[in-house]
Amino acid sequence: MDTKNQFTYFLLSVGIGVIGGVLYEIFALCRLLLRCDGDRRKPLGVVIDLLFCGTFALCGVWATYSLYFPSFRVYMWLGFAVGGIIYSKTLRRIVAFSEKVCYNKVAKLVKKAKKRRNSLKKEIKI
């Protein structure tokens, strides 16, 4: 295999690593929703992390198979890691900002709905 193809496969591996970072955000959201940070739910957090690792490994194997990568090469796994690092240093901030904006909007809607519900309860009592 010539060097040109190896560089192409490396860049594809970096892209797969970035996709893995997005996949991690989904699993991190599950951890957040299930409140896995406490001592009692820590094993659930470990299970979710293991599910992420298994899912990412399957996605990586599927991608290498469907994109006709050559047999195992270390630079592919390095590309996955570099892609994850690139995601965590760049795109993750954008995703975190978007999550914060969405959370604030939903929180305002929930607060407004609670206020409306309480005012309706007061009207019914009067």
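Let me begin with glutamate 25, which, leaving aside residues up to four places away in sequence, touches Tyr87, Arg92, Val95 and Glu99. Please keep in mind throughout that what we have on the screen is a predicted model. Glutamate 25 lies in helix α1, and with a relative accessibility of 11% this residue counts as buried, because the cut-off for that word is under 20%. One of its neighbours deserves a second mention, since the side chains of glutamate 25 and arginine 92 are joined by a polar contact of 2.9 Å.

Staying in helix α1, which covers residues 3-33, we come to phenylalanine 27. Is this phenylalanine 27 buried or exposed? At 16% relative accessibility, phenylalanine 27 counts as buried. Its contacts, again not counting residues up to four places away in sequence, are Ile48, Leu51, Phe52 and Thr55. For one of these, isoleucine 48, we can also give a backbone distance: the C-alpha atoms of phenylalanine 27 and isoleucine 48 are separated by 6.8 Å, although the two residues stand 21 residues apart along the chain.

Phenylalanine 27 also brings us to the aromatic residues, because rings pair if their centres lie within 6.5 Å, and by this rule the count comes to five aromatic pairs. In one of them, the rings of phenylalanine 56 and phenylalanine 80 have centres 5.8 Å apart and planes at 75°, and because an angle over 60 degrees counts as edge-to-face, that is what we call this pair. Phenylalanine 56 belongs to helix α2, residues 42-66, while phenylalanine 80 belongs to helix α3, residues 74-125, so the pair ties together parts that are 24 residues apart in sequence. Both partners are buried, phenylalanine 56 with a relative accessibility of 17% and phenylalanine 80 with a relative accessible area of 4%.

Phenylalanine 80 has a further partner in tryptophan 77, and here the ring centres are 5.0 Å apart with the planes at 90°, so this pair too is edge-to-face. How many residues apart are tryptophan 77 and phenylalanine 80 in helix α3? They are three residues apart, which is about one turn of the helix. Tryptophan 77, with a relative accessible area of 40%, is partly exposed, whereas phenylalanine 80, as I said, is buried.

If we now put these rings together, Tyr24, Phe27, Phe52, Phe56, Trp77 and Phe80 form one aromatic cluster. When you look for this cluster on the screen, you could start from phenylalanine 27 in helix α1, and then look for phenylalanine 56 in helix α2 and phenylalanine 80 in helix α3.

Definitions and conventions: Residues numbered from 1 in each chain as written. Predicted model: local features only at pLDDT ≥ 70, side-chain atom pairs only at ≥ 80, totals over all residues. Heavy atoms only, no water. Phe/Tyr/Trp six-rings, centres within 6.5 Å; stacked < 30°, edge-to-face > 60°. Helix = DSSP H or I, 4+ residues; strand = E, 2+ residues; numbered from the N terminus. Buried < 20%, exposed > 50% of the residue type's maximum accessible area, 1.4 Å probe, protein only. Contact = heavy atoms within 4.5 Å. Polar contact = N/O pair within 3.5 Å; in protein donor to acceptor, adjacent residues only side chain to side chain.
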